[in-house]
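Hi everyone, thanks for coming. I have one structure to walk through today, so let's put it up on the screen.

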Amino acid sequence: MIIYIHGFNSSSGSGKARELEAWLAARGRGAEYACPDLPHCPAAAIALLSGLIASSARESVKLIGSSLGGFYATWLADQFDVKAALINPAVHVQDGLKTVLGPQKNYHTGEEYVFTQQHLDELAVLDKPAPLRPQNLLLLVETGDEVLDYRAAVNYYAASRQIVVPGGDHGFQSFPQYIETILEF
């Protein structure tokens, strides 16, 4: 099972999620794909994803996480000893998201909610000083990411395989070029 984990205020309707789904479907692999719409509460999102992994044959699970989804994928890869590709992942996300406390709206679904200190506390519980299983992680970043400093991820995942692409943006414009690399990892 290939589980795509979307980012903050995103959904299964994100560009990369749709691209990956179409790519797999075109190759007769659509049944391998899952991309749940995550609850905005981190503890609930992790519970949903953990249940999905636990109900699958673990040796066949691969995670692909983007931004906040990369943060979640890191924790899940450590917990379940599965491989994960991290695309422009957020690092120590509870620190970076302090600036967005307050009303939020999902980009795709339109769901509105209030992002609170409780959200940050739930994220802090998931944070680790370093990945426990760096060999299970593939980092993909673009240096032009306008939302997150790619160097924070390069440093945090220093013991993991890395692909650093010049230019681009937070959406990881070169995603289509790396789908096969991600799936082969």
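Setting aside neighbours within four places in sequence, Asn9 is in contact with Gln104, Lys105, Asn106, Tyr107, His108 and Tyr113. Before going on, please keep in mind that this is a predicted model.

Where does Asn9 sit? You'll find Asn9 in the loop between β1 and α1. Is Asn9 buried or exposed? With a relative accessibility of 6%, Asn9 counts as buried. Two of those contacts are worth a closer look. The side chains of Asn9 and Gln104 are joined by a polar contact of 2.8 Å, and the side chain of Asn9 makes another polar contact, at 2.6 Å, with the side chain of Tyr113. For a sense of scale, Asn9 and Ala54 are 45 residues apart along the chain, and their C-alpha atoms are separated by 25 Å.

Now let's look from the other partner's side. Gln104 belongs to strand β5, residues 102-105. Its relative accessible area is 15%, and the cut-off for buried is under 20%, so Gln104 is buried. Again leaving out neighbours within four places in sequence, Gln104 is in contact with Phe8, Asn9, Glu111, Glu112, Tyr113 and Phe115. Tyr113 therefore turns up in the contact lists of both Asn9 and Gln104.

Let's step back to the sheet. What is the strand order? It is an open sheet of 6 strands, ordered β2-β1-β3-β4-β7-β8, and the pairing is parallel. At the edges are β2 (33-34) and β8 (161-165), each of which pairs on one side only.

Start with β1, the strand that comes before the Asn9 loop. Both of its faces are covered: Ile2 and Tyr4 on one side, Ile3 and Ile5 on the other, and all of them are buried. On to its pairing with β2: the two strands run parallel and are joined by 2 bridges, with Ile3 of β1 partnered by Ala34 in β2. To get from β1 to β2, the chain passes through helix α1 (residues 15-26), and this β-α-β crossover is right-handed.

β1 also pairs with β3. Here 4 bridges join β1 (residues 2-5) to β3 (residues 62-66), running parallel, and the partner of Tyr4 in β3 is Ile64. Helix α2 (residues 42-54) packs on the sheet, where α2 touches β1, β2 and β3, and its direction makes about 170° with that of β1.

Next comes helix α3, which I rather like. α3 (residues 68-80) lies across β1, β3, β4 (83-87) and β7 (137-142), and runs at about 150° to β3. How far apart are its end C-alpha atoms? At 1.5 Å a residue, the 13 residues of α3 should span 18 Å, and the end C-alpha atoms are indeed 18 Å apart, so the two agree. α3 is also mostly covered, with 12 of its 13 residues buried. Among the buried ones are Phe71, Tyr72, Trp75 and Phe80, along with a polar residue or two such as Thr74 and Asp78. Just after α3, Asp81 takes a positive phi of about 55°.

That brings us to β7. How many of its residues are buried? The count is 6 of the 6, so β7 is largely enclosed by the rest of the structure. Leu137, Leu139 and Val141 point one way from β7, while Leu138, Leu140 and Glu142 point the other way. If you're colouring by residue type, look for Glu142, which is buried along with the others.

What does β7 pair with? On one hand there is β4, which runs parallel to β7 and is joined to it by 4 bridges, with Ala85 partnered by Leu138. On the other hand there is β8, paired with β7 in the parallel sense over 5 bridges, where Leu139 stands opposite Gln162. Finally, β7, helix α6 (residues 150-156) and β8 make a right-handed β-α-β unit.

So, to recap where we started: Asn9 is buried, and its side chain makes polar contacts with the side chains of Gln104 and Tyr113. Thanks for listening, and I'm happy to rotate the view if anyone would like another look.

Technical notes: Residues are numbered from 1 along each chain as its sequence is written. This is a predicted model: local features need pLDDT of at least 70, side-chain atom pairs count only at pLDDT 80 or more; totals for chains, interfaces and linings use all residues. Side-chain values use heavy atoms; hydrogens and water are left out. Two strands pair if DSSP finds at least two bridges between them. Contact means heavy atoms within 4.5 Å. Axes are lines fitted to C-alpha atoms, for helices over the stretch in contact, and angles run from 0 to 180 degrees between N-to-C directions. The expected span of a helix is 1.5 Å times one less than its number of residues. Buried means under 20% relative accessible area, exposed over 50%, partly exposed in between (1.4 Å probe, protein chains only). A crossover is right-handed if, with the strands pointing away from the viewer, the path from the first strand over the helix to the second runs clockwise. A polar contact is a pair of N or O atoms within 3.5 Å; within protein, one must be able to donate a hydrogen and the other to accept it, and residues adjacent in sequence count only if both atoms are side-chain atoms.
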